[in-house]
Amino acid sequence: MELWFTEEWLPGLKLSVRVTAIVFNKKTKFQDLCIYDTEQLGRILTLDNVIQTTEIDEYIYHESLVHVPLFAHPSPERVLIVGGGDGGSLREALKHPSVREVTVVDIDGDVIEASKAYLPALNSGFSDPRAKVIVGDGPAFVDKARSEYDAVIVDSTDPIGPGQALFTEEFYSSIKRALRPGGLFAAQTESPILMPAVVRDIFRRIGRVFPVARVFTAPVPTYPGGLWSFACASLGTDPNLPARQPNEAWGLRYYSPEMRERAFILNPKMKHDIIES
Ligand code: SAM
């Protein structure tokens, strides 16, 4: 009998992929965690039936979310990742030679343990001595930080369940306090094609807190709508002025100075839906 994983993107719109093996499944304290091997997407991680990461396109998402803010900083040393328990953002942040410490705060320790056990494509950063892993609530952790980080990266689930707290104006204000001078904030901000009003509202909240807030996008075929939006914000630093560039030794598969420029170009409808409406 065939086994399929199906995610409902919107009422009447679904993504399905044939599953070749159920690798891991656990009802954690916070969510239903599954890892599957699939025919077309490689190994995938889902939480509450929503795809978090797939081997086929995770590099596009993680390289965009992490390298856009970090390359805008001349020498990032301390980085905070809120969420991101799969380890993909950690792996990318540790590629910056100036980085001395990356703290990952995920509310669900089971996601971290499952990644360590079953997601070799993502989990390499957990064994790096510069990685500090904390199991706890992101907003509660950030609320205590004052001028500590060169970048805060929010790699969250959707704004439902425990992820809801990662999209509030209060949380963005505490991120602002947690940044060192010259620091940057980046976050995934949902589907600009299927959920433009959700993206617009997120940017309104970010814009009330940060004087500089820019939208950028990247194609992530396994996320709803296939194109994903991100925020990069700061207290003054221009998110689209790269201070450094990678070379071939970094082994990046998506990010490049050209892709970065392209990422900040919004089509007229998106500009209208997210920024001008
Ligand atoms: N790339 C993914 C996406 O856009 O679908 C997100 C990946 S990552 C697995 C999301 C993580 O956010 C999950 O591991 C979840 O446990 C974590 N998370 C959700 N709410 C949180 C909170 N309040 N504090 C810290 N982490 C949280």
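**Exercise 1. Placing Pro196**

In which helix does Pro196 lie?

Solution. Start with how the model is described. This is a predicted model, in which local features need pLDDT of at least 70, side-chain atom pairs count only at pLDDT 80 or more, and totals for chains, interfaces and linings use all residues. Residues are numbered from 1 along each chain as its sequence is written, and side-chain values use heavy atoms, with hydrogens and water left out.

Step 1. Pro196 lies in helix α6. Helices (H or I, at least four residues) and strands (E, at least two) are DSSP runs, numbered from the N terminus.

Step 2. Look for touching residues. Leaving aside residues up to four places away in sequence, Pro196 touches Ser191 and Asp273. Contact means heavy atoms within 4.5 Å.

Step 3. Now take His272. Pro196 and His272 are 76 residues apart along the chain, and their C-alpha atoms are separated by 9.7 Å.

**Exercise 2. Dividing the protein**

State the bounds of the two domains and describe their contact.

Solution. Step 1. Domain 1 covers 3-54 and domain 2 covers 58-276. These bounds come from an automatic or database domain assignment.

Step 2. The contact takes 22 residues from domain 1 and 21 residues from domain 2.

Step 3. The C-alpha centres of the two domains lie 23 Å apart.

**Exercise 3. The five-stranded sheet**

Why is one side of β1 and of β5 left without a neighbour in the sheet?

Solution. Step 1. Write down the order. Five strands form an open, antiparallel sheet, β1-β2-β3-β4-β5. Two strands pair if DSSP finds at least two bridges between them.

Step 2. Find the edges. β1 (3-10) and β5 (50-54) stand there with a single partner strand each, so one side of each has no neighbour in the sheet.

Step 3. Add the twist. From one strand to the next, the twist averages 45°. Axes are lines fitted to C-alpha atoms, for helices over the stretch in contact, and angles run from 0 to 180 degrees between N-to-C directions.

Step 4. Zoom in on β1 and β2 (residues 13-27). Seven bridges join this antiparallel pair. Glu7 stands opposite Leu15 in β2. Glu8 stands opposite Lys14 in β2.

Step 5. Check the hairpin of β1 and β2. Two residues lie between the strands, and Gly12 takes a positive phi near 85°.

Step 6. Place a helix. Helix α3 (residues 109-118) lies across β2, β3 (32-38) and β4 (42-47), at about 20° to β3.

**Exercise 4. The seven-stranded sheet**

Which strands are at the edges of the sheet of β8-β7-β6-β9-β10-β12-β11?

Solution. Step 1. Seven strands form this open sheet, and the pairing is mixed. The edge strands are β8 (131-135) and β11 (212-219), each pairing on one side only. The twist averages 15° from one strand to the next.

Step 2. Take one pair. β9 (residues 149-155) and β10 (residues 179-188) run in the parallel sense, joined over five bridges. Val154 has Ala187 in β10 as its bridge partner.

Step 3. Add two helices. Helix α1 (residues 58-71) lies across β6 (78-83), β9, β10, β11 and β12 (227-234), at about 155° to β9. Helix α6 (residues 196-209) lies across β10, β11 and β12, at about 5° to β12.

**Exercise 5. The ligand**

How many residues surround the ligand, and which are the closest?

Solution. Step 1. The count is 25, and the closest are Gln31, Asp106, Asp137, Gly138 and Tyr223. A residue counts as near if one of its heavy atoms lies within 4 Å of the molecule or strand.

Step 2. List distances to nitrogen atoms of the ligand. For an N or O atom in the side chain of Asp137, the distance is 2.9 Å. For a backbone N or O atom of Gly138, a ligand nitrogen lies 2.9 Å away. For an N or O atom in the side chain of Asp155, the distance is 3.2 Å.

Step 3. Finish with cover. On its own, the ligand has 600 Å² of accessible area (Shrake-Rupley method, 1.4 Å probe). The protein covers 99% of that area.

Definitions and conventions:
Polar contact = N/O pair within 3.5 Å; in protein donor to acceptor, adjacent residues only side chain to side chain.
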